[in-house]
Amino acid sequence: MRVNPANDMMLGGGGADGAIHMAAGPELLAACYEVPEVRRGVRCPTGEARITKGYNLPASHVIHTVGPIYGKSSNPEKELRSAYRNSLRVAKENSILYIAFPAISCGVYRYPHDKAAIVSISTVKEFAK
């Protein structure tokens, strides 16, 4: 199972999000359109997670999560922690045993790598308990 660092529309974008959509094929985009909007143009708010099938990926499912934009969010650590925690929760609810995370928010969302590593590792450890 693969985690996709998506945008809140879940319709593909640049970086890892775009690469995952391209590799998964057009079925992934169609599945993302099926995810209901929680408000106009937003299917997955920052810190939350949604799941779709993996389609042409070598992973059965994709968990889409949205991390904070560093420097724009009022509480980026809380939102990043929530993105990891909710991804793990969705995986557990769907009986997924293996999960691969990218460095959420560390690309175009500019989260500092060292700070993001601390948040991600501590959140995964906490969830495992």
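Contact here means heavy atoms within 4.5 Å. Keep that in mind as we walk through this structure, which is a predicted model.

Let's start with the record. UniProt, in an unreviewed entry, puts the feature "domain: Macro" at residues 1–129. In the model, that span is 41% helix and 11% strand, and its end C-alpha atoms lie 21 Å apart.

Now go to the beginning of the chain and pick out Asn4, which sits in strand 1 (residues 2–5). Is Asn4 buried or exposed? Its relative accessible area is 0%, so Asn4 is buried. As for what surrounds Asn4, set aside the neighbours within four places in sequence and you find contacts with Ala16, Asp17, Ile20, His21, Val62, Ile63, His64 and Thr65. Strand 3 covers 61–65, and helix 1 covers residues 15–24, if you want to place those partners.

Helix 1 is a good next stop. The axes of helix 1 and helix 2 come within 5 Å of each other and cross at roughly 115°. That angle makes helix 1 roughly perpendicular to helix 2. Which residues do the meeting? From helix 1 come Ile20, His21 and Ala24, and from helix 2 come Glu27, Leu28, Leu29 and Cys32. Sorted by class, this contact has five nonpolar residues, one polar and one charged. Notice that Ile20 and His21 also turned up among the contacts of Asn4.

Following the chain onward, we reach the loop between helix 2 (26–34) and strand 2 (49–53), where Arg43 lies. You might wonder whether an arginine in a loop is buried or exposed; at 7% relative accessibility, Arg43 counts as buried. Leaving out residues up to four places away in sequence, Arg43 touches Asp8, Met9, Met10, Leu11, Cys32, Tyr33, Val35, Pro36, Glu37, Val38 and Arg50. Cys32 is one of the helix 2 residues that meet helix 1.

Arg40 has its place in the loop between helix 2 and strand 2 too. Arg40, though, counts as exposed, at 84% relative accessibility. For a sense of distance, the C-alpha atoms of Arg40 and Ala117 are separated by 32 Å, with their positions 77 residues apart along the chain.

One more resident of that loop is worth a look: Gly47. Gly47 is buried, with a relative accessible area of 1%. What does Gly47 touch? Not counting residues up to four places away in sequence, the partners are Val66, Glu79, Ser82, Ala83 and Asn86. Helix 3 runs over residues 76–93, which is where to look for several of those names. Gly47 and Lys78 are 31 residues apart in sequence, and their C-alpha atoms are 8.3 Å apart in space.

After strand 2 comes a backbone detail. Tyr55 is found in the loop between strand 2 and strand 3, and it has a positive phi of about 55° although it is not a glycine. Most residues other than glycine have a negative phi. Tyr55 counts as partly exposed, at 34% relative accessibility. Arg110 also has a positive phi, about 60°, without being a glycine. Arg110 lies in the loop between helix 3 and helix 4 and is exposed, with a relative accessible area of 52%.

That brings us to the two helices on either side of the Arg110 loop. How do helix 3 and helix 4 (residues 113–128) sit against each other? Their axes come within 9 Å and cross at roughly 40°, so the two helices are oblique to each other. Helix 3 passes helix 4 in a right-handed crossing. On the helix 3 side, Glu77, Leu80, Arg81, Tyr84, Arg85, Leu88, Arg89 and Lys92 take part; on the helix 4 side, Ala116, Val119, Ser120, Ser122, Thr123, Val124, Glu126 and Phe127 do. By class, that contact has seven nonpolar, three polar and six charged residues.

Finally, zoom in on Ala116 in helix 4. At 4% relative accessibility, Ala116 counts as buried. Outside its sequence neighbours up to four places away, Ala116 touches Leu80, Cys106 and Tyr111, and Leu80 is one of the helix 3 residues in the helix 3 and helix 4 contact. Looking back across the model, the C-alpha atoms of Ala116 and Val35 are separated by 28 Å, and the two residues are 81 apart along the chain.

Definitions and conventions
Residues are numbered from 1 along each chain as its sequence is written. This is a predicted model: local features need pLDDT of at least 70, side-chain atom pairs count only at pLDDT 80 or more; totals for chains, interfaces and linings use all residues. Side-chain values use heavy atoms; hydrogens and water are left out. Axes are lines fitted to C-alpha atoms, for helices over the stretch in contact, and angles run from 0 to 180 degrees between N-to-C directions. Helices (H or I, at least four residues) and strands (E, at least two) are DSSP runs, numbered from the N terminus. Angles under 35 degrees count as roughly parallel, over 145 as roughly antiparallel, 65 to 115 as roughly perpendicular and the rest as oblique. A crossing is left-handed if the near helix is turned anticlockwise from the far one by less than a right angle, and right-handed if clockwise. Ala, Val, Leu, Ile, Met, Phe, Trp, Tyr, Cys and Pro count as nonpolar, Asp, Glu, Lys and Arg as charged, and the others, Gly among them, as polar. UniProt positions are given in the numbering used here, feature names are shortened, and annotations may be inferred rather than shown by experiment. Buried means under 20% relative accessible area, exposed over 50%, partly exposed in between (1.4 Å probe, protein chains only).
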